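I'm opening my notebook on this one. I'll jot down what I look up as I go.

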Amino acid sequence: MNDVKTLIESIKNPETGNTLHSENRIKELKVEENALTLVYDREGISPLQKRQIEDIIYNELSGKVDEDNIVIKTVSKDSSDVLAKSEKTAKPKSEQPANLKVGHGSIPKKKKIDTIKNIIAISSGKGGVGKSTVSVNLAYALHRKGKKVGLLDADIYGPSIPMLLGKRDAKPLANDDKKIMPVEVEGVKFISFGLFIGEKDPVIWRGPMLGGVLNQFLFDVDWGELDYLLIDLPPGTGDVQLSMIQAVEMAGVIGVSTPQDVALLDSTKGLKMFEQVKTPILGTIENMSYFVPDDMPEKKYHIFGNGGVKKASESLGLEFLGEVPLEIALRESCDQGVPYMSNQNNEGKPVWNAYLSIANKLTGEDNKKGFFNRILGK
Ligand SMILES: Nc1ncnc2c1ncn2[C@@H]1O[C@H](COP(=O)(O)OP(=O)(O)OP(=O)(O)O)[C@@H](O)[C@H]1O
Ligand SMILES: [Mg+2]
């Protein structure tokens, strides 16, 4: 195991380019048969660089030491995070710049949920583009195709799935194993923060606590066997999204954009974040693509321009999954809490066909290139 020790000692501080060893940062290094404990001084190392260092360690040790047996801890001069500091009632030294220290401890490794075949997050660069509507209706489109589907509302600041499913008053129960039972609506299981708080309660919880809630939604909900778990992410890029995609092994992400917001697709607020954390981008959906009046079905109005997301996706090398037109019945179904795709009366309408076609692409039935079969391991 000497080589593991040498390896750890040779890891560099990205800030200075010197090894952690030469900077006297390694405070404890215990290498045992298939186990490693490392405590290092992260003073002056940013959270991002800390992540880089620990990523390198995990990568280098893969195959040598079991991931579950790697424990990495950090210390710093003024030690500990904000919470711990307040607990110890430590006072900042006078005339020292105040700073926040975050992220002590090891990076949790992505966990797998054995009973769920594919976890797919639905994301967008900004709010109001129809992410929740897409999540709900894609869930029902997949359900129509005989798939077992779950829906996780990760939008803890503005949870809208209970409303979209007409279940604002549902209260999830716990089973004998103390796991949360998801609420089932027309064959699709869902969970949402909205079921645990009053609609008018202000959400003043701090990010880390909310991260904990999402971890519970992933790991402490009795999802049972699922073919797909769709996650409705909050808009943009932030802690919530990051902690979620780093907590669990996902099949990948679908980006939703409207034609007028296409510039955001590839932006730092859009899909870039997922590439940076090595989460595959399964494809893109253009929502509110065009409008077909009920009384003039032969007409197609491209209100916000034509084909923008498709073009942008092609130029970014992303799979384009399809366009969902604007339809009054879709908006009404959201307001009434009856999912459009769960209502047979909508069969054959443009939006209905659009969702079925996207679902076909995901399940690999409309998939000449075999792209999703490859990605989703069918
Ligand atoms: N294709 C569509 N046709 C008609 N109305 C639509 C369509 N897609 C979404 N809507 C409507 O647009 C509004 C916003 O949609 P939705 O709440 O799904 O967006 P979101 O991206 O989840 O928003 P937020 O960022 O607030 O979570 C809703 O009123 C919804 O009914
Ligand atoms: Mg939403």
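How many of the 7 residues of strand β8 (residues 226–232) are buried? I looked it up: 6 of them are buried, so to speak a mostly covered strand. I should keep in mind that this is a predicted model.

Next I checked who sits beside β8. I found strand β4 (residues 116–123) paired with β8 in the parallel sense, over 6 bridges. For one concrete spot, I noted that Ile116 stands opposite Leu226 in β8.

Then I looked at strand β5 (residues 149–153), and β5 also runs parallel to β8, joined by 5 bridges. Here I picked out Gly150, whose bridge partner in β8 is Leu229.

Stepping back, I took stock of the protein chain. I counted up 12 helices and 11 strands. The chain has 378 residues, and 38% of them count as buried. I also looked at contacts between residues with a separation of 6 or more: 74% of these come from residues 24 or more positions apart.

Last stop, ligand 1. Which residues come nearest to ligand 1? Of the 20 around the ligand, I wrote down Gly127, Gly130, Ser132, Thr133 and Cys334. The elements giving two or more residues to this shell are helices α4 (131–144) and α10 (328–336), plus strands β10 (281–291) and β11 (320–326). Sorting the shell by class, I got 9 polar, 7 nonpolar and 4 charged residues.

Key. Residues numbered from 1 in each chain as written. Chains lettered and ligands numbered in written order. Predicted model: local features only at pLDDT ≥ 70, side-chain atom pairs only at ≥ 80, totals over all residues. Helix = DSSP H or I, 4+ residues; strand = E, 2+ residues; numbered from the N terminus. Buried ≥ 20, exposed ≤ 12 C-beta atoms within 10 Å, placed from the backbone. Contact = placed C-beta atoms within 7 Å. Near = placed C-beta within 6 Å. Nonpolar A, V, L, I, M, F, W, Y, C, P; charged D, E, K, R; others polar. Pairing = 2+ DSSP bridges.
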